[in-house]
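Student: I'd like to learn how to read salt bridges and burial in a model like this one. Can we go through it step by step?

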Amino acid sequence: MKPSNMQVISANDLLSGDVVYLDASAAWTRALAGAVLIADGQEADALLREAKAQPGNVIDPYLIDVTVGPDGPIPSHIRERLRDSGPSFRTNLQRTPFHSAG
């Protein structure tokens, strides 16, 4: 099965302010590609409750819609695309692509 319309949980890291995504181990990653993809409303509610139970780690977790393509998830809304890539008005402030070590 190839998912197309899914959701992920996004928040901001409490210490760095970075945009982060909940991964499959309930940890936070800067890489959107590492986010757990959610297709079910009940699963989304449960994971969002779990994310909100980590107030010492992140600020304001919430669900975002993504479309899954050949290169991984892409935020459906332009606001989330900008959050993921960093500011568009000063390119020297844009986020560098995150590559996992393994």
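Tutor: Sure, burial comes first: buried means under 20% relative accessible area, exposed over 50%, and partly exposed in between, using a 1.4 Å probe and protein chains only. Keep in mind that this is a predicted model, where local features need pLDDT of at least 70, side-chain atom pairs count only at pLDDT 80 or more, and totals for chains, interfaces and linings use all residues. Residues are numbered from 1 along each chain as its sequence is written, and side-chain values use heavy atoms, with hydrogens and water left out.

Student: Is Arg30 buried, exposed or partly exposed?

Tutor: Arg30 is partly exposed, at 26% relative accessible area. Asp18 also falls in the partly exposed class, at 27%.

Student: What counts as a salt bridge, and how many does the structure hold?

Tutor: You need a side-chain nitrogen of Lys or Arg within 4 Å of a carboxyl oxygen of Asp or Glu. The structure holds 3 of them. One of these joins the side chains of Arg30 and Asp18, at 3.6 Å from N to O. That pair links distant parts of the chain, 12 residues apart: Arg30 is in the loop between strand S3 (28–29) and helix H1 (41–52), while Asp18 is in the loop between strand S1 (5–13) and strand S2 (19–22).

Student: How are those helices and strands picked out?

Tutor: They're DSSP runs numbered from the N terminus: helices are H or I with at least four residues, strands are E with at least two.

Student: Which residue does Glu80 bridge to at 2.9 Å?

Tutor: That's Arg83. The two sit 3 residues apart in helix H2 (residues 78–85), so about one helical turn separates them. Shared partners in the salt bridges join Arg79, Glu80 and Arg83 into one network. The Glu80 and Arg79 side chains meet at 2.7 Å, N to O. As for burial, Glu80 is buried at 7% and Arg83 is buried at 14%, whereas Arg79 is partly exposed at 46%.

Student: Which side chain does Ser10 join through a polar contact of 2.8 Å?

Tutor: A polar contact is a pair of N or O atoms within 3.5 Å; within protein, one must be able to donate a hydrogen and the other to accept it, and residues adjacent in sequence count only if both atoms are side-chain atoms. Here, the Ser10 side chain pairs with that of Arg83. The Ser10 side chain also reaches the backbone oxygen of Val20 at 3.5 Å. Ser10 lies in strand S1 and is buried, with 0% relative accessible area.
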